[in-house]
Amino acid sequence: MTRALFIIDVQNDFTEGGALGVQGGAAVAAGVTELLEKHGDVYKVVVASRDWHDADNDNGGHFATDEEPDFVDTWPEHCVAGSDGAEYHPAFDTAAVDIHVRKGQGMPAYSIFEGIDDDGRPVAHHLDDLGITDVDLVGLATDYCVRASGLDAIEHGRHVRVFTDLIAGVAPASSDAALAELGHAGAEITESTVLDEATA
């Protein structure tokens with residue numbers, strides 16, 4: 001078994017009612033929990049990332065402080081370390097998560113590969129150590145952190161599947177563009193039902 005599951009930023013601030021909430025975020029949280037309950041044994045390792053931004057600075061220009069955010073490079077304050085907004089959504093049961101990754105500590109960060117675990121180790125080291133060849137990708141948001149994480153996983157030589165029923169994006173057009181870019185880069189764009197088919 002050489003497959004990993006990446007769960008990207010299923011946090012309160014990225015779900016409905018949060019600072020940067022996306023439509024469908026809470027449903028993704030619940031759906032990821034269901035996937036882990038049904039198919040957790042498919043994965044050699046389950047890795048979950050969180051934005052974990054500093055409270056006392058603009059995180060390398062990531063937070064808009066003096067001007068309105070452009071929602072491309074600058075954003076409203078979100079996922080501040082230790083805040084409720086930075087916590088995992090309550091519908092996401094993290095019991096099956098093996099590695100927790102924090103990213104964006106003092107700097108902009110979109111990809112899970114830009115984060116580190118509690119011991120300061122990056123994700124790529126874990127994948128190499130565990131012999132991971134395949135990565136399934138779920139989470140938030142499709143057009144930003146899911147996109148960046150998937151492209152980086154491909155760049156690191158892994159085969160990537162993106163489960164479209166377990167992602168949600170900021171905007172339809174940019175989400176569609178992100179999925180097209182991932183597909184063009186070599187990712188398999190599918191649904192989590194492929195796991196049911198594999199065990200049928």
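The dialogue below walks through several features of one predicted model.

Biologist: Before we start, what should I keep in mind about the numbering and the model?

Modeller: This is a predicted model, in which local features need pLDDT of at least 70 and side-chain atom pairs count only at pLDDT 80 or more, while totals for chains, interfaces and linings use all residues. Residues are numbered from 1 along each chain as its sequence is written, and side-chain values use heavy atoms, with hydrogens and water left out.

Biologist: How are helices and strands assigned, and what is the span of helix α1?

Modeller: Helices (H or I, at least four residues) and strands (E, at least two) are DSSP runs, numbered from the N terminus. The expected span of a helix is 1.5 Å times one less than its number of residues. Helix α1 covers residues 25–39, and its 15 residues should therefore span 21 Å, which agrees with the 21 Å between its end C-alpha atoms.

Biologist: Which residues of α1 are buried?

Modeller: Buried means under 20% relative accessible area, exposed over 50%, and partly exposed in between, with a 1.4 Å probe and protein chains only. In α1 the buried residues include Val28, Ala29, Val32, Leu35 and Leu36.

Biologist: How do I read strand pairing, and which strands does β4 pair with?

Modeller: Two strands pair if DSSP finds at least two bridges between them. Strand β4 runs parallel to β1, with six bridges joining them, and β4 is also joined to β5 by six bridges, again in the parallel sense. On the β1 side, Ala4 stands opposite Val135 of β4, and on the β5 side Leu140 stands opposite Ala168. Elsewhere, β2 (residues 45–51) and β3 pair in the parallel sense over five bridges, with Val47 having Ile99 as its bridge partner in β3.

Biologist: Where do the side chains of β3 and β4 point, and which are buried?

Modeller: In β3 the side chains alternate, with Ile99, Val101 and Lys103 pointing to one face and buried, whereas His100 and Arg102 point to the other and are not buried. In β4, Asp134, Asp136, Val138 and Leu140 point one way and Val135, Leu137 and Gly139 the other, yet all are buried, so that seven of its seven residues are buried.

Biologist: What counts as an aromatic pair, and how many are there?

Modeller: Rings of Phe, Tyr and Trp (its six-membered ring) pair if their centres lie within 6.5 Å; planes under 30 degrees apart count as stacked, over 60 as edge-to-face and the rest as tilted. By this rule the count comes to three aromatic pairs. One of them joins Phe6 and Phe113 edge-to-face, at 5.9 Å centre to centre and with 70° between the planes. Because Phe6 lies in strand β1 (residues 3–8) and Phe113 in the loop between β3 (99–103) and α2 (123–130), the pair ties together parts that are 107 residues apart in sequence. Phe6 is buried at 0% relative accessibility, and Phe113 is buried too, at 12%.

Biologist: Which rings have a charge over them?

Modeller: A charge sits over a ring if NZ of Lys or CZ of Arg is within 6 Å of the ring centre and within 35 degrees of the ring normal. Arg50 lies over the face of Tyr88, 4.3 Å from the ring centre, and the charged end of Arg102 sits over the ring of Trp52, 4.1 Å from its centre.

Biologist: What surrounds Arg158?

Modeller: Arg158 is in the loop between α3 (142–155) and β5 (159–168), and is buried with a relative accessible area of 13%. Contact means heavy atoms within 4.5 Å; beyond its neighbours within four places in sequence, Arg158 is in contact with residues including Leu127, Asp128, Thr133 and Ala153. A polar atom of its side chain lies 3.5 Å from the backbone oxygen of Leu127.

Biologist: Which backbone angles deserve a second look?

Modeller: Most residues other than glycine have a negative phi, and most peptide bonds are trans. Asp9 has a positive phi of about 50° although it is not a glycine; Asp9 is in the loop between β1 and α1, and is buried with a relative accessible area of 0%. The peptide bond from Leu140 to Ala141 is cis, with omega near -15°, and Ala141 is in the loop between β4 and α3.

Definitions and conventions. Polar contact = N/O pair within 3.5 Å; in protein donor to acceptor, adjacent residues only side chain to side chain.
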